[in-house]
Amino acid sequence: MRLNNLNVKTGRDTYWQAIRGICIILVVIIHCRNGISYKPSWNYHYWNIMRQLINFPVATFFFLSGYFEKGAANGESNILRIYKRAIKILIPFIFWSILYTVISLIYRRDSYDLASIFSNILLGKSAGHLYFIFVLLQFTLLSPILIKMTTSRMGSAIIFSITPLFLILTYTMARGGDSNFQPQLFFPAWVFFYYLGLWVKKNGKNQMKITPAIILCCTTVCLSIVESYVLMKLNYSDSFVTSQIRFSSFLYALSIINLFSAIKIEASTKANEALVYVGDCSYGIYYIPVVHNHYK
């Protein structure tokens, strides 16, 4: 796609803005009513398979956040700029987190002690989707260190190994049925993708052709579906079976990012303006898509 062109008004790459548009639409779909209540009918299996197919947007968002982090290309960062950006993320995050907490207390009449209320606000636990903003804030604060690590092979190897090791812990905790463990809240779960964005920007571009990239996507999504049914047999929870934080889900997300990169390099059509517009609005949309799902 000739989607290398920058938007004159925003200065953003229209191709990747269109990808952001696709991802935010899928985020909204993910947070619609789930199919757990239909178990064990076909509707449940349809929902599970569909979830495996669309389990890549958050990882893609983190990849793009790293890829477009200023300073990623030259391995240097402006600490003052980064911390100003952190403040810009923190203010709306706290506002929406307080709002969702108040809704929980009034609408659902949840009973929390003061410590739980503050925990929900500061960690974004009052609404399931706010974890993304909380993790984005973590990456923003860690950016000076992560950007510097892109210049070191050993440093990069260490950073890339964090997420696989954290996934092992996640499987262990999920197997034990620990409902208090929420891996999506912590940067180790997603650092592979954010750092990959930084690393690709600094060190090079995707070289895979579109056809093998598509085959890789088909292979990894099939693996994700198979793993989901294996986890069902092992009595993992439904939420973990459909989680984006699994080995096969991350392999699928990685293959999708690879496909997006291959399409950008090889194709030559214009970006869809509607998707670009949705992508431009994606950050604001992310705060508000799931009120009905969480508070009905």
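Biologist: How many of the 20 residues of helix 11 are buried?
Modeller: Keep in mind that we're looking at a predicted model. Buried here means under 20% relative accessible area. Helix 11 is largely enclosed by the rest of the structure, because its buried residues number 15 of the 20.

Biologist: And how far apart are the end C-alpha atoms of helix 11?
Modeller: Let's start with what to expect: at 1.5 Å a residue, the 20 residues of helix 11 should span 28 Å. The model agrees with that, since the end C-alpha atoms are apart by 29 Å.

Biologist: How many helices and how many strands does the protein chain have?
Modeller: Try reading along the sequence: the pattern goes α-α-α-α-α-α-α-α-α-α-α-α-α-α. So the secondary structure of the protein chain, counted by DSSP runs, comes to zero strands and 14 helices.

Biologist: What share of contacts between residues at least 6 apart in sequence join residues at least 24 apart?
Modeller: A contact means heavy atoms within 4.5 Å. Take the contacts in the protein chain between residues at least 6 apart, and the share joining residues at least 24 apart is 83%.

Biologist: Which helix gives the most residues to the largest nonpolar core?
Modeller: That core has 64 residues, and Phe62, Phe132 and Trp190 have the most contacts inside it. Among the elements giving it two or more residues are helix 1 (14-30), helix 4 (79-106), helix 6 (131-149) and helix 9 (210-233). The top giver, with 10 residues, is helix 6.

Biologist: Which residues does Phe62 contact, leaving aside neighbours within four places in sequence?
Modeller: Phe62 is one of the residues with the most contacts inside the largest core. Two of the others named there, Phe132 and Trp190, turn up among its partners. The full list for Phe62 is Phe132, Val135, Leu136, Phe139, Trp190, Phe193 and Tyr194.

Biologist: Is Pro57 buried or exposed?
Modeller: Pro57 is found in helix 3. Not counting residues up to four places away in sequence, it touches Cys23, Leu26, Val27, Ile30 and Gln244. Its relative accessible area is 0%, and the cut-off is under 20%, so Pro57 counts as buried.

Biologist: How far apart in space are Pro57 and Ile256, C-alpha to C-alpha?
Modeller: Along the sequence, 199 residues separate Pro57 and Ile256. In space, C-alpha to C-alpha, they are apart by 9.3 Å.

Biologist: Which residues does Thr60 touch, not counting those up to four places away?
Modeller: Thr60 also has its place in helix 3. It is buried, with a relative accessible area of 1%. The residues Thr60 touches are Ile19, Cys23, Ile257 and Phe260.

Biologist: Are the rings of Phe93 and Phe134 stacked or edge-to-face?
Modeller: Phe93 sits in helix 4 and Phe134 in helix 6, 41 residues apart, so the pair links distant parts of the chain. Both Phe93 and Phe134 are buried. Their ring centres are 6.1 Å apart and their planes lie at 25°. Planes under 30 degrees apart count as stacked, so the pair is stacked.

Biologist: Which residues in helix 4 are buried?
Modeller: The 28 residues of helix 4 should span 40 Å, and its end C-alpha atoms are 40 Å apart, which agrees. An α-helix has 3.6 residues a turn, so residues three or four places apart point the same way. In helix 4, the buried ones are Ile82, Ala86, Ile89, Phe93, Ser97, Tyr100, Thr101 and Ser104.

Terms used
Residues are numbered from 1 along each chain as its sequence is written. This is a predicted model: local features need pLDDT of at least 70, side-chain atom pairs count only at pLDDT 80 or more; totals for chains, interfaces and linings use all residues. Side-chain values use heavy atoms; hydrogens and water are left out. A nonpolar core is a set of buried Ala, Val, Leu, Ile, Met, Phe, Trp, Tyr and Cys residues joined through side-chain atoms within 4.5 Å. Buried means under 20% relative accessible area, exposed over 50%, partly exposed in between (1.4 Å probe, protein chains only). Helices (H or I, at least four residues) and strands (E, at least two) are DSSP runs, numbered from the N terminus. Rings of Phe, Tyr and Trp (its six-membered ring) pair if their centres lie within 6.5 Å; planes under 30 degrees apart count as stacked, over 60 as edge-to-face and the rest as tilted. The expected span of a helix is 1.5 Å times one less than its number of residues.
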